[in-house]
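Visitor: I'd like a close look at just one part of this model, please. Take me through it slowly, and then show me how the rest fits around it.

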Amino acid sequence: MENIVPLELMAAGEAGHVVQVDGLPDVVHRLAEMGLREQARILMVQPGSPCIVAVGDHRLSLRTDDEAEILVALTVVP
């Protein structure tokens with residue numbers, strides 16, 4: 001069973017992959033253009049608002065708001 005959390009609840013250093021992006025169509029489209037789409041692997045660099053996430057070789061600064069919700073399945077390290 002995957003541990004799925006909203007992006008804003010991830011702690012620094014936690015990694016996972018995006019399982020769902022919901023929100024206004026224009027916002028979801030823009031996030032996809034920046035690399036935040038389903039199955040994208042991400043790493044929380046700095047939590048907060050704005051937070052900094054690593055998507056591949058890129059770092060994105062995102063402010064959490066009500067226009068989009070990003071759900072992440074956390075990677076479990078044994």
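Guide: Let's start where strand 2 and strand 6 run antiparallel, joined by 7 bridges. Strand 2 covers residues 15-23, and strand 6 covers residues 68-74. Strands here are DSSP runs of E with at least two residues, helices are runs of H or I with at least four, and both are numbered from the N terminus. Two strands count as paired if DSSP finds at least two bridges between them. For one rung of this ladder, look at Val21, whose bridge partner in strand 6 is Ile70.

Before going on, some ground rules. This is a predicted model, so local features need pLDDT of at least 70 and side-chain atom pairs count only at pLDDT 80 or more, while totals for chains, interfaces and linings use all residues. Residues are numbered from 1 along each chain as its sequence is written, and side-chain values use heavy atoms, with hydrogens and water left out.

Now stay on strand 2 and find His17, which sits in that strand. His17 has a relative accessible area of 15%, so it counts as buried (buried means under 20%, exposed over 50%, and partly exposed in between, with a 1.4 Å probe and protein chains only). Setting aside neighbours within four places in sequence, His17 is in contact with Glu2, Gln39, Ala40, Arg41, Leu71, Val72 and Ala73; contact means heavy atoms within 4.5 Å.

One of those contacts, Gln39, deserves a detour. Gln39 is in the loop between helix 1 and strand 3, and has a positive phi of about 75° despite not being a glycine. Is Gln39 buried or exposed? It counts as exposed because its relative accessibility is 56%.

Next, zoom out to the sheet. It is open, with 6 strands in the order 1-6-2-3-4-5 and antiparallel pairing. The edges are strand 1 (4-6) and strand 5 (58-62), each pairing on one side only. From one strand to the next, the twist averages 40°. Angles run from 0 to 180 degrees between N-to-C directions, with axes fitted to C-alpha atoms, and for helices over the stretch in contact.

Strand 6 also pairs with strand 1, antiparallel and through 3 bridges; here Pro6 stands opposite Leu71. Strand 2 has another antiparallel partner in strand 3 (residues 41-46), again with 3 bridges, and Ala15 stands opposite Leu43 there. Leu43 has a bridge partner in strand 4 too, namely Ala54. Strands 3 and 4 are antiparallel and share 4 bridges. They form a hairpin with 4 residues between them, and Gly48 in the turn has a positive phi of about 125°. Pro50 is found in that loop between strand 3 and strand 4, and the peptide bond leading to it from Ser49 is cis, with omega near 10°.

Then there's the helix. Helix 1 (residues 25-33) lies across strand 2, strand 5 and strand 6, running at about 155° to strand 2. In all, the protein has 1 helix and 6 strands, and from the N terminus on the elements run β-β-α-β-β-β-β.

What holds the picture together is the largest nonpolar core, with 18 residues; Leu7, Met10, Leu36, Ile42, Val53, Leu62 and Ile70 touch the most other members. Such a core is a set of buried Ala, Val, Leu, Ile, Met, Phe, Trp, Tyr and Cys residues joined through side-chain atoms within 4.5 Å. Strands 2, 3, 4, 5 and 6 each supply at least two of its residues. Take Ile42: not counting residues up to four places away in sequence, Ile42 touches Leu7, Met10, Glu14, Ala15, Gly16, Val18, Leu36, Ala54, Val55 and Val72.

As for the whole chain, buried residues make up 32% of the 78. Among contacts between residues at least 6 apart in sequence, 63% join residues at least 24 apart. The protein has a radius of gyration of 11 Å, which agrees with the value near 12 Å for a compact globule of 78 residues; the radius is taken over C-alpha atoms, and the rule is 2.2 Å times the number of residues to the power 0.38. The C-alpha trace spans about 40 × 25 × 20 Å along its principal axes.
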